[in-house]
Amino acid sequence: MTDEKIARINALYHKSKDTGLTKEEKEEQQALRQEYLEAVRSNMRQTLSNVRVKNPDGSITPLQKKTDRKYQ
């Protein structure tokens, strides 16, 4: 996500608080927000893929996806 797009998100936010947005601006704002969220999620996934856990026995293992378990 570029700095220009982030600035546009902020400008649309401030305009929505001051005068309100047109239908087209609301759609643009929503699309930019979705793009921003995807960029944040992608960066978080990349960061977590580089995290390693040191086990008590001294071995180092990468994080693994949490399994969906139902506790009884």
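A helix here is a DSSP run of H or I with at least four residues, numbered from the N terminus. The model is predicted.

**Exercise 1. Place glutamate 25 and decide whether it is buried or exposed.**

Step 1. Find the element. Glutamate 25 lies in helix α2, residues 23–49.

Step 2. Take the cut-off. Buried means under 20% relative accessible area.

Step 3. Compare. Glutamate 25 has 14% relative accessibility, so it counts as buried.

Step 4. List its partners. Leaving aside residues up to four places away in sequence, glutamate 25 touches Arg8, Leu12, Lys15 and Gly20.

Step 5. Locate some of them. Helix α1 spans residues 3–18. Gly20 comes just after α1 and has a positive phi of about 95°.

**Exercise 2. Which residues of α2 are buried, and what helps cover them?**

Step 1. Name the residues. They are Glu25, Gln29 and Leu32.

Step 2. Recall helix geometry. An α-helix has 3.6 residues a turn, so residues three or four places apart point the same way.

Step 3. Find the cover. What covers the buried residues of α2 includes α1.

**Exercise 3. Check the span of each helix against the expected value at 1.5 Å a residue.**

Step 1. Take α1. Its 16 residues reach 23 Å from first C-alpha to last. The expected value is 22 Å, and the span is close to it.

Step 2. Take α2. Its 27 residues reach 39 Å between the end C-alpha atoms. The expected value is 39 Å, and the span is close to that.

**Exercise 4. Describe the whole chain, from its fold pattern to its surface.**

Step 1. Count the elements. The chain has two helices and two strands. Along the sequence they follow the pattern α-α-β-β.

Step 2. Test against a globule. A compact globule of 72 residues would have a radius of gyration near 11 Å. The chain has 20 Å.

Step 3. Box the C-alpha atoms. Along the principal axes they fill roughly 60 × 35 × 15 Å.

Step 4. Check burial. Buried residues make up 8% of the 72.

Step 5. Check contact range. Take contacts between residues at least 6 apart in sequence. Of these, 27% join residues at least 24 apart.

Step 6. Read the surface. The chain exposes about 6,600 Å², and carbon and sulfur atoms supply 51% of that area.

Step 7. Locate the charges. There are 15 positive and 11 negative charges. The mean positions of the two sets are 9 Å apart.

Notes
Residues numbered from 1 in each chain as written. Predicted model: local features only at pLDDT ≥ 70, side-chain atom pairs only at ≥ 80, totals over all residues. Heavy atoms only, no water. Rg over C-alpha atoms; globule rule 2.2 N^0.38 Å. Buried < 20%, exposed > 50% of the residue type's maximum accessible area, 1.4 Å probe, protein only. Contact = heavy atoms within 4.5 Å. Areas by Shrake-Rupley, 256 points an atom, 1.4 Å probe, with all protein chains shown as cover. Lys, Arg positive; Asp, Glu negative; His and termini not counted. Charge placed at Lys NZ, Arg CZ, Asp CG, Glu CD. Expected span 1.5 Å × (residues − 1).
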